[in-house]
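Please examine the sequence and the model displayed below. The paragraphs that follow lead through a selection of helices and buried residues.

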Amino acid sequence: MAINIKISSLQDKQQAIARAVINTCPSLTKYHIVRASRQSGKTYLLERLAVTLACSVKDQSGTFIMATEAQTRKVFRSMIKWIPSQLIVRKNNTNGSREIEFVNGTLLAFFSSGSYDTIAGNSFDFLIGDEFGLWNRHAWSIIKPTLAAKPNAKVILASTPRGKNDFYKECVKGMSDDPFVQHYRMSYKDNAKYDLREIEDAKKSMSPELFKQEYLAEFIDGISIVFGSIDKVQNVRTWTKIIEGEKYFFGLDISGDGEDKTVLTVMDSKGKVVLIHEVEATSHPDQARELSKIIKSFGANIVGYGEKNGLGNSLCDLLLEDKITVFKWITTNDSKQELVSDLITDINSVDVGLPTSDLCPKLDDEMSMYMAVRTKTNKLSYTHPVGMHDDYVDSLMICNKARRDNLGTFSPVATEDIYNSSGGSCDFYS
């Protein structure tokens, strides 16, 4: 049975988008791309579209995908609160099996983009993706081909702009003359209930570029909340060949669990990034072998910092055993502030050369999302959004620190927790 869902609670722009999605035949438009700013009512709209599509035809399979598990839980709880209980036959709110079954037999499953391998095993009649610009970078390339099995599927992808990633590419398609992909745009100006005094506060605390991205839904390239304009130093288009006699420095951010990645960054003496490598091996002995081969390819004139925190100490020891000149770096809140400050200084003075977003999209994404928060003691702490990562950023900053410290110009000694001249904590080993 079909159930009629009223969308009268939506505001004008929301209603216009909802009607276009609901009333447009999938044979004409399959993909609906919603570019939306903060406080535009994006998620409110998507939740109601999900229920409308679920109840329009019986026995469907639909999905609601968010960027992170935390966001998925939040949306699920929100929907359960407002969906009339008589429409729900069964609901389950556990990680890996979060779903709502409606009385007409339609099943709506909830996933985070990190579960893309699991999602790819399904075939959906409709797919709604929120915060698409923050999705796991591999997710869309894995999920999209599964939609080809359902020519009449409806796909709605929405996000605030976050650099020129898959969401940007879909928006560009939607703004073309091809009706197969349709583009819509929303901003806080379309939300009649939004307190405009909040906008004035936001303007005072944000750069003009960031305000355009967050509140006007404009695509801004090369902008970081913490690091400012980075496009002026994103001039490395290919990984350069090793130059004999050049001195190289590396930074190694070491994974402490299954979620993070171990990332190696290598710079030359002028601050140009010549290589960024995400380690494929999982065990530390295998990681050490993989890293040693790469580091040794730069010759004898390479030295760097490896993060000691957590499990990093054991990996550093394995590299030392293999005659890699690595100094152990201890990351604390104070030493991280120093790393951030150094990189900001070098970006502003154009003393570093970073890869373009095409060459290393993960670094571009992480730098654009890197953020500063206040601790309870009123100190600044640098981190990444929940569910995101900062492995590439940390590796870059540790590498830049090794270059700034000109490691290898002194005779290292075997001791513990010596503080270097700039205040960061590190161990020195020969």
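**Helix H2 and its surroundings**

At 1.5 Å a residue, the 15 residues of helix H2 (residues 42-56) should span 21 Å, and the end C-alpha atoms of H2 are indeed 21 Å apart, which agrees. The expected span of a helix is 1.5 Å times one less than its number of residues. Helices (H or I, at least four residues) and strands (E, at least two) are DSSP runs, numbered from the N terminus. This is a predicted model, in which local features need pLDDT of at least 70 and side-chain atom pairs count only at pLDDT 80 or more, while totals for chains, interfaces and linings use all residues. Residues are numbered from 1 along each chain as its sequence is written, and side-chain values use heavy atoms, with hydrogens and water left out.

H2 is mostly covered, since 12 of its 15 residues are buried; buried means under 20% relative accessible area, exposed over 50%, and partly exposed in between (1.4 Å probe, protein chains only). Among the buried residues of H2 are Leu-45, Leu-46, Leu-49 and Cys-55. Cys-55 is buried because its relative accessible area is 0%, whereas Cys-25, at 42%, is partly exposed. The structure holds 0 disulfides, a disulfide being a pair of cysteine sulfur atoms within 2.5 Å.

Thr-72 is placed in helix H3 (residues 69-82). With a relative accessibility of 0%, Thr-72 counts as buried. A polar atom of the Thr-72 side chain lies 2.9 Å from the backbone oxygen of Thr-68. Leaving aside neighbours within four places in sequence, Thr-72 is in contact (heavy atoms within 4.5 Å) with Met-66, Arg-98, Phe-110, Phe-111 and Ser-112. Arg-98 is 26 residues from Thr-72 along the chain, and the C-alpha atoms of the two are separated by 8.8 Å.

Ser-113 is found in the loop between strand E5 (107-112) and helix H4 (116-119). Ser-113 counts as buried because its relative accessibility is 1%. Beyond neighbours within four places in sequence, Ser-113 is in contact with residues including Met-66, Trp-135 and Ala-139.

Further along the chain, helix H11 (residues 333-348) and helix H13 (residues 391-405) pack at an angle of about 75°, with axes 9 Å apart. Axes are lines fitted to C-alpha atoms, for helices over the stretch in contact, and angles run from 0 to 180 degrees between N-to-C directions. H11 and H13 are therefore roughly perpendicular to each other, a class that covers 65 to 115 degrees, with angles under 35 counted as roughly parallel, over 145 as roughly antiparallel and the rest as oblique. Residues of H11 including Leu-339, Val-340 and Leu-343 meet residues of H13 that include Leu-396, Met-397 and Lys-401.

How values were computed
A polar contact is a pair of N or O atoms within 3.5 Å; within protein, one must be able to donate a hydrogen and the other to accept it, and residues adjacent in sequence count only if both atoms are side-chain atoms.
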